[in-house]
Amino acid sequence: MANKKRFGRRRLTIILSVTLGLLAAQSARAEFPEHPITLVVPFPAGGPTDLLARDLAEALRKTLGVAVQRENIGGGGGTVGAAKVARATADGYTLLLHHIGMATAPSLVPGLSYKPLEDFDYLGLINELPMVLVGRPGLPAKNYAELSQWMVSNRGKINLANAGQGSASHLCGMLFRSVTHLDLRTVRYRGASPAMADLLADQVDLLCDQTSDTAAQIARGRIKAYAVTSTQRLTTLPNLAAVPTLDELGLKGFSVSVWHGLYAPHGTPKPALDKLAAALQQLRADPAFRAAQAAQGATLIEDGRSQGAEHKKFVKAEIAKWGAVIRAAGSYAD
């Protein structure tokens, strides 16, 4: 009888331990996130990616119920900030917001310290933005035809600004220089804001950058818009609706769009990834977030690439695509 009682107590203890363990595991899953999340922006404050980060942080805060703090870590065309996230604790509390540079870094940066397809868990693409070729206010050309003639006449004297190696403006300028075969002198800045400041001050001639960074200045008449890099005109932005595409102006097949995606360090627990991915899907129904993106000329990604698996496949294809472009660009890519 005593043995039976001891066996019964032991069995009850085991059942209670297992039950408590399961409850603790469920509680741990339900509790994420328990404290603020850090959203790393691998570019200086004030640029196009940082603008998206502000809107994204607020939208995620409303869904997740915790603060989402932005941390700007510029340098290396986005690689310094990306490397930090790749090495961060994989607990869901450190995330990376990165653009097309995620796919171009392997070809642009020798000895890259991380592997984009191995060192991150993919959460989904967020948006896509076209770019605009713009000129300083004092540029004499009134349209692209006049600009083309001016560039030929001033071959070797024209300054083409960009926001640094690996930036979206660097990539657009690289492709533009390659297809036009013009000897444009490149001027690199530490971010989009200083590049735009010098363009506004007539210190550099041209810049190719995202609509989120150029549309407002174009609307105010402070810079000149010559062409957009999308395959169709930007009818959703009234101030850019009449601006032709580079494709229709003769640069056939010219198309550059800047996409942004969200990443976590590889090995992040699945419950955290699931909750983050769900929050990312919900922001597409957030009226404030949608309005902010539309105002910047951005298109929300609502196809399969908004999910982690398709996002990763897309980046893999982009790595191959831009690798070929960068190799063809030669010295401009250095």
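**Close-up views of a predicted model**

**View 1. With a relative accessibility of 34%, Asp-202 counts as partly exposed.** The model shown here and in every view below is a predicted one. Asp-202 falls in the partly exposed class because its 34% lies between the 20% limit for buried residues and the 50% limit for exposed ones. Look for Asp-202 in the loop that runs between helix 7 (192-200) and strand 7 (206-210). Its backbone deserves a glance too: the phi of Asp-202 is near 65°, a positive value in a residue other than glycine. Most residues other than glycine have a negative phi.

**View 2. His-181 is an exposed loop residue with a positive phi.** Where does His-181 sit? Its place is in the loop between helix 6 (168-180) and strand 6 (185-188). The phi of His-181 is near 60°. Is His-181 buried or exposed? At 64% relative accessibility, His-181 is above the 50% cut-off, so it counts as exposed.

**View 3. Phe-32 and Pro-33 are joined by a cis peptide bond.** Omega for this bond is about -5°. Pro-33 belongs to the loop that links helix 1 (2-31) to strand 1 (37-41). As general background, most peptide bonds are trans.

**View 4. Helix 2 and helix 10 pack with their axes within 10 Å.** Two packed helices are described by the angle and the distance between their axes. Here helix 2 covers residues 48-64, helix 10 covers residues 287-295, and the axes cross at roughly 170°. This angle is over 145 degrees, which means that helix 2 is roughly antiparallel to helix 10. Which residues of the two helices meet? Helix 2 brings Leu-52, Asp-55, Leu-56, Ala-59 and Lys-62, while helix 10 brings Ala-288, Phe-289, Ala-292 and Gln-293. Sorted by class, the contact has 6 nonpolar, 1 polar and 2 charged residues.

**View 5. Stepping back, the whole protein chain holds 11 helices and 10 strands.** Of its 334 residues, 49% are buried. How much surface does the protein chain expose? The exposed area is about 14900 Å², and carbon and sulfur atoms supply 54% of it. Among the contacts with a separation of 6 or more, 78% come from residues 24 or more positions apart.

Notes: Residues are numbered from 1 along each chain as its sequence is written. This is a predicted model: local features need pLDDT of at least 70, side-chain atom pairs count only at pLDDT 80 or more; totals for chains, interfaces and linings use all residues. Side-chain values use heavy atoms; hydrogens and water are left out. Helices (H or I, at least four residues) and strands (E, at least two) are DSSP runs, numbered from the N terminus. Buried means under 20% relative accessible area, exposed over 50%, partly exposed in between (1.4 Å probe, protein chains only). Contact means heavy atoms within 4.5 Å. Accessible areas come from the Shrake-Rupley method with a 1.4 Å probe; for residues, only the protein chains shown count as cover. Axes are lines fitted to C-alpha atoms, for helices over the stretch in contact, and angles run from 0 to 180 degrees between N-to-C directions. Angles under 35 degrees count as roughly parallel, over 145 as roughly antiparallel, 65 to 115 as roughly perpendicular and the rest as oblique. Ala, Val, Leu, Ile, Met, Phe, Trp, Tyr, Cys and Pro count as nonpolar, Asp, Glu, Lys and Arg as charged, and the others, Gly among them, as polar.
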